[in-house]
Amino acid sequence: MIELKQVYKSYAQGALAVPVLHNINISIESGEFVAIMGPSGSGKSTIMNIIGCLDRPTKGEYILNKVNVLTADEKHLALLRNQYIGFVFQHFHLLPRLSAVENVELPLVYGGLKKKERRERALEALDKVGLADRVGHLPNQLSGGQKQRVAIARAIANNPTFILADEPTGALDSKSGEQIMNIFTKLNEEGTTVIMVTHEEEVAAYTKRRIYIKDGEVIQDRRMVI
Ligand code: ADP
Ligand code: MG
């Protein structure tokens, strides 16, 4: 479970501290499927980076599965990330010289798995995103949608509790975007908590809750009634 309480964030710019988030209060239960929406520059990625333990609030509280992230040391943060969180980015962030399966198994090294186990897990994850027939392909031999599916396989190979996806369909055509959203929907139905950023209503329509951010504040938090 995720709980942001009175979270403020500012970035240092020279001698100035530029405020970006103001009093953000968000709690997300396990199993939710959430879209964070809002204009460019409103603070969505900053919120995602805080939720994903890539960055810390300047002020406030962030509790992730009962751990206070603000007071955890770097080592503990890295542990939380590896244990709980899978990231998906707009521009995939695959290593160009590694094949699909090598990209997926790379982060599993940190979990201390043996090579054979890593390969098995990576192949399973690629199968889950419908890429069993592309495991040996290099990123530049794959379409944008396929690259994003490799990135999703990499994010889920470790069975994370949370998937955090920052504009995962932003660089894709609408058909590939639909495939990506179908995969997230399926993962969510299987119990993974999915939190994503998008500014497209058609993409957000797959989710069950929409949190709107403007100028670093939550202006609306809506759960869909089905
Ligand atoms: P969004 O994802 O909604 O487009 P961001 O969270 O990326 O917004 O950015 C919010 C604001 O914070 C923007 O004004 C941006 O310029 C600023 N910002 C983001 N990251 C940094 C950083 N590392 N250093 C300084 N300013 C930043
Ligand atoms: Mg952003």
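**Strand pairing, ligand shell and a helix contact**

Tyr-11 stands opposite Val-18 in strand E2. The model is predicted. Strand E1, which spans residues 2–13, runs antiparallel to E2, and the two are joined by nine bridges. Both belong to an open sheet of four strands, ordered E2-E1-E4-E5, with antiparallel pairing. Strand E2 (16–28) and strand E5 (67–68) occupy the edges with a single partner strand each, so one side of each has no neighbour in the sheet.

Tyr-11 is also one of the residues around ligand 1. The shell further includes Val-20, together with Gly-38, Ser-40, Gly-41, Ser-42 and Gly-43. Lys-44, Ser-45 and Thr-46 complete the list. Helix H1, residues 44–51, supplies three residues, the largest share of this shell. By class, the residues around ligand 1 divide into seven polar, two nonpolar and one charged.

A helix contact was examined next. The axes of helix H5 (residues 144–156) and helix H6 (residues 174–189) come within 9 Å, crossing at roughly 20°. Angles under 35 degrees count as roughly parallel, and H5 is therefore roughly parallel to H6. The crossing of H5 past H6 is right-handed. On the H5 side, the contact is made by Gly-144, Gly-145, Gln-148, Arg-149, Ile-152 and Ile-156. H6 contributes Ser-176, Gln-179, Ile-180, Ile-183 and Leu-187. Taken by class, the residues of the contact of H5 with H6 are five nonpolar, five polar and one charged.

Conventions:
Residues numbered from 1 in each chain as written. Chains lettered and ligands numbered in written order. Predicted model: local features only at pLDDT ≥ 70, side-chain atom pairs only at ≥ 80, totals over all residues. Near = placed C-beta within 6 Å. Nonpolar A, V, L, I, M, F, W, Y, C, P; charged D, E, K, R; others polar. Pairing = 2+ DSSP bridges. Axes fitted to C-alpha atoms, helices over the stretch in contact; angles between N-to-C directions. Parallel < 35°, antiparallel > 145°, perpendicular 65-115°, else oblique. Left-handed = near helix turned anticlockwise from the far one by under 90°. Contact = placed C-beta atoms within 7 Å.
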